[in-house]
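Open your viewer and keep the selection tool handy. This short tour suggests what to pick next and tells you what is there.

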Amino acid sequence: MMNNAALQTKKNEDQVQNVQNTIKLLTASLDDSKVKMHDINITISEKFYFIEEEIGQQYMYLQNASINFTNVNEKYIILEQEMKEEVKILNQVTNDLKLKDWEQSITLKNLTLTGPPGPKGDKGDRGIAGATAMYGLRGTLVIIVSYHTLEM
């Protein structure tokens, strides 16, 4: 019986030794995991810092672009107003010129020449023949001319 008890004690001691060895292995593995988690945490923190810096720069670029857009928009509005004024002035000048042309044509229509006709002029000389031109396209050619008045 003593032999049985010694054998059982030896078996229990072996199992305790196995449990202690397993605990040591698990502790080492846990320490390894802690180190790796710490490294991962540091890496992620660094990446977050860089991303935060990048977002700050992008935000600054966006603000600058917004300011530039506002400036360009203001200049566009001013330029558009100036162009409207210039077109208005051009329309007035065009109308004045049309009126002046009309007045001159009325004056010429009312003009009467008196007296005998003048002498006949000299006959002009015949010039040298020019170079032969290229042949044009066959068919009819329609030219459309349109006249637009600038108004705003």
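**Start at I44**

Select I44: its relative accessibility is 41%, so this residue counts as partly exposed. The model you are looking at is predicted. I44 sits in helix α1, which covers residues 2-110.

Keep I44 selected and add M37, I40 and F48. Together these four make a nonpolar surface patch of about 430 Å². Colouring them alike will help you see the patch.

Next, zoom out to the whole chain. How many helices and strands does the secondary structure of the protein chain come to? The count is one helix and zero strands. Try a surface view as well: the accessible surface of the protein chain is about 15,800 Å², and carbon and sulfur atoms account for 61% of that. Of the 152 residues in the chain, 1% are buried.

Now go back to helix α1 and select K10 and D14, showing their side chains. As a general point, side chains of opposite charge can pair when their charged atoms come close. Here the side chains of K10 and D14 meet in a salt bridge, with 3.6 Å from N to O. The structure holds one salt bridge, so once you have found this pair there is no other to look for.

Why are the two separated by about one helical turn? Because K10 and D14 are four residues apart in helix α1. Both ends of the bridge can be checked in the surface view: K10 is partly exposed at 46% relative accessible area, and D14 is partly exposed at 38%.

Technical notes:
Residues numbered from 1 in each chain as written. Predicted model: local features only at pLDDT ≥ 70, side-chain atom pairs only at ≥ 80, totals over all residues. Heavy atoms only, no water. Patch = residues over 30% accessible without salt bridge, like charges linked within 9 Å, V, L, I, M, F, W, Y side chains within 5 Å. Areas by Shrake-Rupley, 256 points an atom, 1.4 Å probe, with all protein chains shown as cover. Buried < 20%, exposed > 50% of the residue type's maximum accessible area, 1.4 Å probe, protein only.
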